[in-house]
Each structure stands twice: as structure tokens, then as C-alpha cells.
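Here is a walk through one chain, from its open and closed spaces to a few residues worth a look. Have the viewer open as you read.

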Amino acid sequence: MTTTFPDISISTDRLVLRPFDESDIPALTEMMNDEMVTAWTSAPHPYTTRDAERWVRRIAPAERTQGRGIALAVTEFLTQRLVGTVHLQNTDWRTRATEVAYVTASWARGEGYATEAVLAVAQWIFRDLRFERLELRTAADNTASQQVAQKIGCISEGVLRNAWIARTRTENGTDGGWTDIRTDLIVWSLLPEDLEGVADQMADAGGYGSYNDWN
């Protein structure tokens with residue numbers, strides 16, 4: 001039984017999803033220091049160049065080779081600029097289920113890039129790798145992440161109460177201070193049949209289609 005994801009790149013109408021490389025380190029460092037990333041993820045803060053180097057050189061490659069998932073850099077097709085990440089994690093190869101997390105750079109928000117990237121990954125794992133379940137977990141107040149889940153056809157399954165630690169600015173937030181806060185997690189799922197017609201609906205609405213190819 002296959003227990004690792006292939007070393008792959010995925011193309012969509014506007015994006016290329018590929019393994020991280022050394023050239024991504026400066027943009028990754030900048031992206032991960034954005035306030036929304038700090039608030040809703042467990043990434044180190046401040047996120048240093050050394051953190052980015054560890055991710056690119058060690059952590060992201062190990063996710064794939066050790067069978068836990070796959071971490072992909074999301075880049076613009078035309079400019080090759082890093083617009084975000086898509087990370088499959090906590091993969092169960094027996095049940096063919098995995099969890100997806102995603103981050104979008106602050107300058108790239110509002111363009112539908114996260115939706116396009118996650119949809120492409122979902123189509124790939126369902127149609128090519130025969131996965132049966134994709135799960136998302138979003139903090140209760142992270143409405144941007146929830147909108148991505150809804151747009152690709154995810155179903156909300158319930159709430160994990162008090163299950164996550166988010167971060168919020170302290171009262172003296174101007175000095176860069178953050179504090180941890182407990183929050184609920186909303187659990188979403190996507191099954192292969194949930195994708196039927198999703199890409200066509202997006203295209204009809206003036207958006208974009210599905211993935212084009214992979215290699």
C-alpha cells in the first residue's frame with residue numbers, strides 16, 4: 001500500500017503548486033509574519049529567516065518522505081511569486097483521509113487563490129490518489145478560512161469546543177505583544193462526491209476552472 005505522496009507539481013489556471021525551494025525563504029518569512037497568520041496558526045512568532053530555512057530544508061521535505069502529508073508552495077503562474085501554502089497533514093493511509101491547512105500572503109488575499117489552490121489539491125487526491133476524505137479545521141472566528149471551505153463544497157460537521165489556541169493582540173498591541181486565547185474549532189469535510197459541479201459553478205460565476213495537469 002502506498003504510504004507517501006508523490007513528489008509533484010500541480011498547475012491551475014493561475015497558479016503552480018510545487019515543493020518549496022531555497023528561493024522561497026525570503027517571501028515565506030515575510031508571509032508568516034503577517035498578523036492574520038500569527039493570530040490563526042501555531043507558527044512561531046516572530047517568524048525568522050531561520051524558521052523559514054528549517055521549513056524549506058527539513059520540515060516540508062520530511063512531511064512527504066515520512067508519509068505524514070505534503071507541503072506545497074503556491075505561486076502565481078505568470079510572476080512565480082509566492083502567494084501562499086497548502087499543507088496536507090495527519091494523513092491516514094489506511095482510511096485514505098487527510099487534513100488540509102492553508103495560508104495566503106496578505107498582498108494576495110481577495111483574489112480567490114486559497115480556494116483555487118485547495119480545490120486543485122482536493123481534485124488531485126480524490127481523482128488520482130483515490131482518497132475518500134479531506135478534513136479542514138477552522139477557528140470559530142476565522143471567517144476567511146471558513147469561506148474557502150464553503151466555496152469548495154465542504155460540509156460543516158460540528159464544533160470541537162475549546163480545542164485550539166489562537167493569538168490576539170495585547171492591550172498594548174502597538175508594541176508587538178500577543179497573548180494566547182482558547183477558541184472552538186469548526187470541523188469541515190469534503191468527500192469525492194461533494195466536488196461534483198463545484199469547479200463548473202466557479203467557472204460559470206466568472207472564476208476559474210479546475211487543475212490543468214500535474215507531473
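How do the residues of the lining of the largest pocket divide into nonpolar, polar and charged? The split is 23 nonpolar, 13 polar and 7 charged. Bear in mind throughout that this is a predicted model.

## The chain overall

The chain holds 6 helices and 9 strands. Of its 215 residues, 49% are buried. If you take the contacts between residues at least 6 apart in sequence, 68% of them join residues at least 24 apart. As for the outside, about 11000 Å² is exposed, with carbon and sulfur atoms supplying 46% of that area.

## The largest pocket

Back to that pocket. Its volume is about 1200 Å³, and 43 residues line it. To find its centre in the viewer, go to Trp-40, Thr-41, Ala-101, Tyr-102 and Val-103, the lining residues that lie nearest to it.

Quite a list of elements gives two or more residues to this lining: the helices α1 (25–32), α2 (35–40), α3 (49–65), α4 and α5, along with the strands β4, β5 and β6. The top contributor is β5, with 6 residues.

## The one cavity

There is also a closed space to look at. The count comes to 1 cavity of 30 Å³ or more, and the volume of the largest cavity is about 40 Å³. Three elements give two or more residues to its lining, namely β4 (82–92), β5 (97–104) and α4 (113–127). Here β4 has the largest share, with 4 residues.

The lining consists of Val-74, Val-83, Gly-84, Thr-85, Val-86, Tyr-102, Val-103, Thr-104, Tyr-113, Ala-114 and Ala-117. Sorted by type, that is 8 nonpolar and 3 polar residues, with no charged ones. Tyr-102 and Val-103 turn up in this list, and they are also among the residues nearest the centre of the largest pocket.

## Helix α5 and its buried side

Helix α5 runs over residues 143–151, and its buried residues are Ser-145, Gln-146, Val-148 and Ala-149. These sit on the same side of α5, because they cover an arc of only 155 degrees around the axis. The spacing fits the usual helix geometry: an α-helix has 3.6 residues a turn, so residues three or four places apart point the same way.

What do the buried residues of α5 pack against? Their partners are β5, α4, β6 (133–139) and β8 (178–190). After the helix comes Gly-153, where phi is positive, near 95 degrees.

## Trp-55 in α3

Trp-55 is a residue of helix α3. Is Trp-55 buried or exposed? With a relative accessible area of 17%, Trp-55 counts as buried, since the cut-off is under 20%.

Leaving out residues up to four places away in sequence, Trp-55 touches Phe-20, Leu-28, Tyr-47, Ala-60, Pro-61, Ala-71 and His-87. Trp-55 and Ile-25 are 30 residues apart in sequence, while their C-alpha atoms are 8.8 Å apart in space.

## Two neighbours in β4

Strand β4 includes both Gln-89 and Asn-90. The C-alpha atom of Gln-89 is separated by 5.7 Å from that of Arg-68, 21 residues apart along the chain. Contacts of Gln-89, not counting residues up to four places away in sequence, are with Glu-63, Arg-68, Gly-69, Thr-98, Glu-99 and Ala-101.

Asn-90 is of interest for its backbone: phi is near 50 degrees, a positive value in a residue other than glycine. The side chain belongs to an exposed residue, as Asn-90 has a relative accessible area of 57%.

## Other backbone oddities

Gln-80 is another non-glycine residue with a positive phi, about 65 degrees. You will find Gln-80 in the loop between β3 (70–76) and β4. Gln-80 is exposed, with a relative accessible area of 62%.

Finally, take a look at the peptide bond joining His-45 and Pro-46, which is cis, with omega about -5 degrees. Pro-46 belongs to the loop between α2 and α3.

Conventions:
Residues are numbered from 1 along each chain as its sequence is written. This is a predicted model: local features need pLDDT of at least 70, side-chain atom pairs count only at pLDDT 80 or more; totals for chains, interfaces and linings use all residues. Side-chain values use heavy atoms; hydrogens and water are left out. On a 1 Å grid over the protein atoms alone, a cavity is a set of points where a 1.4 Å probe fits but cannot get out, and a pocket is an open set with protein on both sides within 12 Å along at least five of seven lines; lining residues have an atom within 4 Å of a point. Grid points are joined across faces, edges and corners, and a volume is the space filled by probe spheres set on the points. Ala, Val, Leu, Ile, Met, Phe, Trp, Tyr, Cys and Pro count as nonpolar, Asp, Glu, Lys and Arg as charged, and the others, Gly among them, as polar. Buried means under 20% relative accessible area, exposed over 50%, partly exposed in between (1.4 Å probe, protein chains only). The arc is that of the directions from the helix axis to the C-beta atoms. Contact means heavy atoms within 4.5 Å. Accessible areas come from the Shrake-Rupley method with a 1.4 Å probe; for residues, only the protein chains shown count as cover.
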